[in-house]
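Me: I am new to this structure and would like to understand the words used for it. Could you go through a few of them with me?

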Amino acid sequence: MFPIKVENLSYAYGARQALVDVTFSISQGEVFGFLGPNGSGKTTLFKILSTLIPVDQAAVNILGHELGNGVQRVRQYLGVVFQRPSLDLKLTVTENLRHQGHLYGLQGKPLKQRIQEALDQFELTDRAHEGVETLSGGLQRRAELAKATLHHPKVLLLDEPSTGLDPGARRSLRAYLNGLRNTTVVLTTHILEDAEACDRVAILNAGELVAIGTPDELKDQVSGDIVIVDSPEPEQLAPKINQRFGYATASIEGLLRIECHNGHEFVRDVVAAFPTEIQSVRLGKPTLEDVFIKLTGRRFEENGSSQDSVGLESSRTETH
Ligand code: ADP
């Protein structure tokens, strides 16, 4: 049985369609990521899965319950981390956890044990009695995780968990999430590195699920290497490259993007063939953004995603 099964889910806010016929299943213990630019429908999906938006259809099944009629039974098995912090900043970490425990009917010794376990798991023991407002962003996010998992949820849902964290804190957050092996973890992100760290990823674009698979399976959809050519006259150069080398070119924000085998040879040959028409050439292995580009013909940033996202250039080496 899949802990989460969604079939042909559509959702609209009035006339605005936010999700279009979305179908996927998530397996027990998976770390599953929804990757998409702003406006792609991630938050809507997150809100539906976390039962914040009611759906009156049998399209969503969580832990064997159709959300339409089993919402109450499902909630106790869910842990939810929202984008906006839910911790009481004026209380200590332990006080926050104690309140959370009470909400789930935990008391006395069992609650004490759960709190200690959560503090250990997220390496917060030495901060247990510090006010949450004095903690760094990364530590606060770990305290959020401790709070959300205190009642041992079967499914942990996180909306953009690493937004606003520095790269070190993001890495450590990913390690904690990957360590939660008995829990099914579902997160939304527009950050490529977060998606890379998931067991499986679903790519959303304009409310549609355009691809699903492990990061490697998705990247296998893009063959070989990616070469980005910066030219003052890309429209004139594109057909010449096609004619000479047989490669199709895609023009993304004025840059020519070419999928090819033996990219290092192509870089050398294309510069030799058109020395005056090329300003710079970059070579890299496909990333999930390349998969997104291939499937949608657009870059992430075009859609206004934040500067948190990793640019196309990040993994590339520059060759002139
Ligand atoms: P994401 O989380 O990927 O940025 P959202 O799920 O927030 O995407 O949004 C998907 C689409 O639904 C967008 O076009 C957005 O403008 C629209 N939308 C989101 N929330 C509302 C709302 N409360 N009312 C109307 N439209 C909304």
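Reply: Gladly! Keep in mind that this is a predicted model. A good place to begin is the side chain of Thr-188, which comes to 2.8 Å from the backbone nitrogen of Glu-160.

Me: What makes that pair a polar contact?

Reply: The cut-off for a pair of N or O atoms is 3.5 Å. At 2.8 Å, the pair formed by the Thr-188 side chain and the Glu-160 backbone nitrogen is within it.

Me: Why is Thr-188 called buried?

Reply: Buried means under 20% relative accessible area. Thr-188 has 3%, so it counts as buried. This residue sits in strand β8, residues 184–189.

Me: Which residues does Thr-188 touch, leaving aside those up to four places away in sequence?

Reply: They are Phe-34, Lys-42, Phe-46, Leu-158, Asp-159, Glu-160 and Pro-161.

Me: Now to helix α4. How do you know that its length fits the expected span?

Reply: Helix α4 covers residues 108–121, 14 in number. From first C-alpha to last it reaches 20 Å, close to the 20 Å expected at 1.5 Å a residue.

Me: Which residues of α4 are buried, and why are they said to be on the same side?

Reply: Leu-111, Ile-115, Ala-118 and Leu-119 are the buried ones. They cover an arc of only 100° around the axis, so they lie on the same side of α4. These buried residues pack against α3 (93–103) and α5 (137–149). Lys-109 and Gln-113, on the other side of α4, are exposed.

Me: What follows α4?

Reply: Glu-123 does, with a positive phi near 50°.

Conventions: Residues are numbered from 1 along each chain as its sequence is written. This is a predicted model: local features need pLDDT of at least 70, side-chain atom pairs count only at pLDDT 80 or more; totals for chains, interfaces and linings use all residues. Side-chain values use heavy atoms; hydrogens and water are left out. Helices (H or I, at least four residues) and strands (E, at least two) are DSSP runs, numbered from the N terminus. Buried means under 20% relative accessible area, exposed over 50%, partly exposed in between (1.4 Å probe, protein chains only). A polar contact is a pair of N or O atoms within 3.5 Å; within protein, one must be able to donate a hydrogen and the other to accept it, and residues adjacent in sequence count only if both atoms are side-chain atoms. Contact means heavy atoms within 4.5 Å. The expected span of a helix is 1.5 Å times one less than its number of residues. The arc is that of the directions from the helix axis to the C-beta atoms.
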